[in-house]
Amino acid sequence: MNNKSLYSEDLAPVPVADRKWNTWNYAALWISMSLCIPTYMLASSLIGGGMNWWQAILTIFLGNTIVLVPMILNGHAGAKYGIPFPVFARASFGVRGANIPAMLRAIVACGWFGIQTWIGGAAIYQMIRVWSPSLPEIDASALFPQAVPFLCFLAFWALNMFIVYLGVESIRKLLVFKAIFLPVAALALLFWAINASNGLGPILQQPSKFTTAGQFADFFFPALTGMVGFWATLSLNIPDFTRYAKSQQAQIRGQALGLPPSMTLFAFIGVVVTSATTIIYGTTIWDPVVLAGIFENKLLVSAAMIAVAISTLATNIAANIVSPANDFANLAPSKISFRKGGYITGVLGVLIFPWKLIADPTGYIFTWLIAYSSLLGPVGGIMIADYYFIRKQQLSTADLYKVSGLYTFKNGFNYSAIIALLAGIVPNIPGFLTTIKVIGADSVPAWIAHLYNYAWFVGFFISGLSYLLLMRRYKPLVSDSLTAKEETLHVALD
């Protein structure tokens, strides 16, 4: 038996002695990841969709509080056993089947990588445009943007790939810069919005565009699903980070203190600034890069765009390269290194056409965020059901790296998990197809199409319950022959 097809240093359990992350480390991680342009755009898109300020803030707070629950639950296994997400998934999907949820999560990360890269490229283009006013605004309505914006995108993409080549350690100074700059820039933007619109009063008095409770509900529930979907990726691969936790309390407290408050605060800034643009310019500008391009001071705009590009680069490497690189490496640990996984992420991030994903608020929420939440919700439901109800939080670390072990099932695939996964995805397909207008809205019963508005919740609970039913006769075993060293420090190759 050869474990090399399942084992590499990148995927190995973190030794107990190397698990040093405390509560502050996890809080800082979430503060850093929350302070990004997509968070701002997320809040702003709710205003653009018709919500007033408190409706948007409440939706974002509720969404992040909800997603915190699976975040902490999935993080438990990482903290207890020191294993990353692709390895944790082997317990429920099988040592080979784990590639299915890993690839679903990786593809979504590629999309986020593309979005962040597009934002960085757009910032570079806006800086050039300030000094060359004859250049047109970016046109995202066509299949491809104009030549110069696209070249800026490719240049920023190449910079990201160069950082991948240098290694993740090279991004540390950029992360420090981001942690200092973005809060200052966000507060400066908030001050500008309040000053330019004559105080918070006019901003907070902007009414909701929804005149009935039914109209509000039709937007609120899919928007809430989108808010949950925003961090649905990390709710799965959070073991990639909690594997370094000093204790369970460190990851639980750190995430609770870091995620909902920081997302809500930065979202509030986005809401205030976007509402102010309606008052100042007579139109809602939900993209901060576009907003900065309107300012008249060329040096100010240039400095802002350079800073946006650098902070976006830091976010991209930390949030959108590390995890998918691990996921791709899980396909063939002995052949795909972290660096190769990063390159794969970069190529797919371009092919996903990120400029189309964020071309308008409706597409950002209803097409991108909800669509991928319909894929990741079922995975989360299965993993949580397996870990807490089937295995009672007991895993055999060594068997997670064995071709023939407790998690082999049938040829490395747990078909109960695959069937449960499909059971959670299928109900959301009709609503997705009507949303992207592949089929007419009247082609399926309305109640079936509306399930898509709750895609993450529908998938999470249907897949979780289906998995429990399919696995009701399964009797989990934990090997008695494992030594403490094998369980907590290393997995020996046969």
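**Notebook: aromatic pairs and the cavity**

I began with Trp21, which is partly exposed, with a relative accessible area of 25%. I note at the outset that the model is a predicted one.

**Entry 1: the partner of Trp21**

I looked up the ring that Trp21 pairs with and found Phe241. The two rings are tilted, with 45° between the planes and 6.5 Å centre to centre. I then checked where each residue sits in the chain. Trp21 belongs to the segment before α1 (23-34), whereas Phe241 is in helix α12 (residues 239-242), so this contact ties together parts that are 220 residues apart in sequence. Next I asked whether Phe241 is buried or exposed. Phe241 has 9% relative accessibility and counts as buried, because the cut-off for that class is under 20%. Trp21, at 25%, is therefore placed in the partly exposed class.

**Entry 2: Phe150 and Trp355**

I turned to a second aromatic pair, Phe150 with Trp355. Its geometry is edge-to-face: I recorded 90° between the planes and 5.5 Å between the centres. This pair also links distant parts of the chain, with Phe150 in helix α7 (residues 147-166) and Trp355 in helix α18 (residues 354-357), 205 residues apart. The relative accessibility of Trp355 is 1%, and I therefore entered Trp355 as buried.

I followed the ring pairs outward from these two residues. Phe150 and Trp355 belong to a cluster that ring pairs build together with Trp118, Phe144, Phe153 and Phe353. For the structure as a whole I noted 32 aromatic pairs.

**Entry 3: a charge over a ring**

I also looked for a charged group over an aromatic face. Arg90 lies over the face of Tyr401, 5.4 Å from the ring centre.

**Entry 4: the cavity**

How many cavities of 30 Å³ or more does the whole structure hold? The search returned 1. I noted about 130 Å³ of space in the largest cavity. Its lining comprises 14 residues, and those closest to the centre are Trp112, Gln116, Trp231, Ala319 and Asn320.

I then asked which helices each supply at least two residues of this lining. They are α6 (99-131), α11 (232-237) and α15 (298-320). Helix α6 gives the most, with 4 residues. Sorted by class, the lining of the largest cavity consists of 9 nonpolar, 4 polar and 1 charged residues.

Terms used
Residues numbered from 1 in each chain as written. Predicted model: local features only at pLDDT ≥ 70, side-chain atom pairs only at ≥ 80, totals over all residues. Heavy atoms only, no water. 1 Å grid on protein atoms, 1.4 Å probe; cavity = no way out; pocket = protein on both sides within 12 Å on 5 of 7 lines; lining within 4 Å. Points joined across faces, edges and corners; volume = space filled by probe spheres on them. Nonpolar A, V, L, I, M, F, W, Y, C, P; charged D, E, K, R; others polar. Phe/Tyr/Trp six-rings, centres within 6.5 Å; stacked < 30°, edge-to-face > 60°. Buried < 20%, exposed > 50% of the residue type's maximum accessible area, 1.4 Å probe, protein only. Lys NZ or Arg CZ within 6 Å of the ring centre and 35° of its normal.
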